[in-house]
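Visitor: I am new to this structure and should like to understand the terms used to describe it. May I ask how each description is justified?

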Amino acid sequence: MTEPAIRASGLAKRYGDVQALDDLELTVEQGEFFGLLGPNGAGKTTFINTLVGLVHKDRGTAEVFGFDVEDDYREARDRIGVAPQEFNVDRFFPIIEVLEHKAGYHGIGRKAARERAEDALKTVGIWDKRDTRFDWLSGGMKRRFVLARALVSDPDLLILDEPTAGVDVQLRHDLWDIINRMNDAGTTILLTTHYIEEAERLCDRVAIMDDGQKVEVATPDDLMARGTDTIVLDLAEMPRTAPRLDVEGITDIELTDEGLAVTAMGGSQTAPAIMRELEAQGHTVTSLDIRRASLEEVFVDMTRDDREYAEVSA
Ligand SMILES: Nc1ncnc2c1ncn2[C@@H]1O[C@H](COP(=O)(O)OP(=O)(O)OP(=O)(O)O)[C@@H](O)[C@H]1O
């Protein structure tokens, strides 16, 4: 049986009053492109830092390809490439040397390390900057470099903590391309992002985290299917008031400037029944448009912040 790329069980970490990880259970299979979503402070970075040995858990277990991240630190750590949210790069050496050192740290010999460093810089498109220091790179190039550093050890698990925060559209697409190619070649990807659309587009499955716990794990499509869709219908003659429709799953019916707007769970399944019911009532439907709930809407619903309310009422 193949070990999962990541297995966390009962994982807990507390900082003073804050339970950053609260008995987290999470499994990421080998080869997956896995998204980790959650509002600020949900515990995503703490989880990542636990996997790479920067944070010591209080309780529970975390394994990477079957290696315990603390007991088998070396084996686990050598399999992970991480592009962290905060840049923590050696600023005194040309970037190609920084990459060579990094490869060396993971036990790769001098000659191979040089080749890896060259390949990584070419992959992310900053080969011509190889002799430059990190501080002298532009913001976008810094992002590219941090990805190169994550790639240089040829990791089986690539962890990306908000890799596209604040980058322009062109770079975002370049980064997606590179990451997708890595994933196609078999690398497992763990991605955190606040761009929900990015997760929807790239990830096989996403976990939604809140308050140090996993709220849900599913494919983006499955999650979106749980949201309410809006079906906008144009009728040959608009009635003065919204008709009553006896169809299961409908949560609201409204007359709007655009037409009759019906909100319903699973819009594409409900739409035919809505049309039949309207026709049975003597209406003629001239057009129909289904607007699916976005992953973003579902995400906001699942992580709606009731903590503010608790603080106010306390
Ligand atoms: N070193 C630390 N000392 C004290 N508290 C910490 C520390 N690191 C994280 N925390 C707290 O733990 C909680 C989880 O933080 P974490 O950075 O893991 O969240 P996150 O999901 O990555 O958030 P973001 O989306 O903002 O990056 C937060 O309340 C944070 O303030």
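Visitor: Why are helix 3 and helix 4 called oblique to each other?

Guide: In this predicted model, the axes of helix 3, residues 95–105, and helix 4 cross at roughly 125°. Roughly perpendicular covers 65 to 115 degrees and roughly antiparallel begins over 145. The angle of roughly 125° fits neither class, and helix 3 and helix 4 are therefore oblique to each other. Their axes come within 8 Å, and the crossing is right-handed.

Visitor: Which residues of helix 3 and helix 4 meet?

Guide: From helix 3 come Ile96, Leu99, Glu100, Ala103 and Gly104. Helix 4 contributes Ala113, Arg114, Arg116, Ala117, Ala120 and Leu121. By class, this contact of helix 3 with helix 4 holds seven nonpolar residues, one polar and three charged.

Visitor: What makes one residue of that contact polar?

Guide: Gly is counted among the polar residues, and Gly104 of helix 3 belongs to the contact.

Visitor: Why are helix 4 and helix 5 oblique to each other?

Guide: Helix 4, residues 110–124, packs against helix 5, residues 139–151, at an angle of about 140°. Roughly antiparallel would require an angle over 145 degrees. Helix 4 and helix 5 are therefore oblique to each other. Their axes lie 9 Å apart, and the crossing is right-handed.

Visitor: Which residues make the contact of helix 4 and helix 5?

Guide: Helix 4 supplies Ala120, Leu121, Thr123 and Val124, while helix 5 supplies Arg144, Leu147, Ala148 and Leu151. Six of these residues are nonpolar, one is polar and one is charged.

Visitor: Why are helix 3 and helix 5 described as roughly parallel?

Guide: The angle at which helix 3 and helix 5 pack is about 25°, and angles under 35 degrees count as roughly parallel. Helix 3 and helix 5 are therefore roughly parallel to each other. The axes of this pair are 9 Å apart, and helix 3 passes helix 5 in a right-handed crossing. Ile95, Val98, Leu99 and Lys102 of helix 3 make the contact with Phe145, Ala148 and Arg149 of helix 5. Five of the residues in this contact are nonpolar, none is polar and two are charged.

Visitor: Which residues are around the ligand?

Guide: They are Tyr15, Val18, Ala20, Gly38, Asn40, Gly41, Ala42, Gly43, Lys44, Thr45 and Thr46. Helix 1, residues 44–51, gives the largest share of the shell, three residues. Strand 2, residues 18–28, supplies at least two.

Visitor: What makes one residue of this shell charged?

Guide: Lys counts as charged, and Lys44 is among the residues around the ligand. The shell also has four nonpolar and six polar residues.

Visitor: How do you know that a domain has been annotated, and which residues does the annotation cover?

Guide: An unreviewed UniProt entry carries the annotation "domain: ABC transporter" for residues 6–236. In the model, that span is 35% helix and 29% strand, and its end C-alpha atoms lie 56 Å apart.

Note on methods. Residues numbered from 1 in each chain as written. Predicted model: local features only at pLDDT ≥ 70, side-chain atom pairs only at ≥ 80, totals over all residues. Near = placed C-beta within 6 Å. Helix = DSSP H or I, 4+ residues; strand = E, 2+ residues; numbered from the N terminus. UniProt positions renumbered as here; feature names shortened; annotations may be inferred. Axes fitted to C-alpha atoms, helices over the stretch in contact; angles between N-to-C directions. Left-handed = near helix turned anticlockwise from the far one by under 90°. Contact = placed C-beta atoms within 7 Å.
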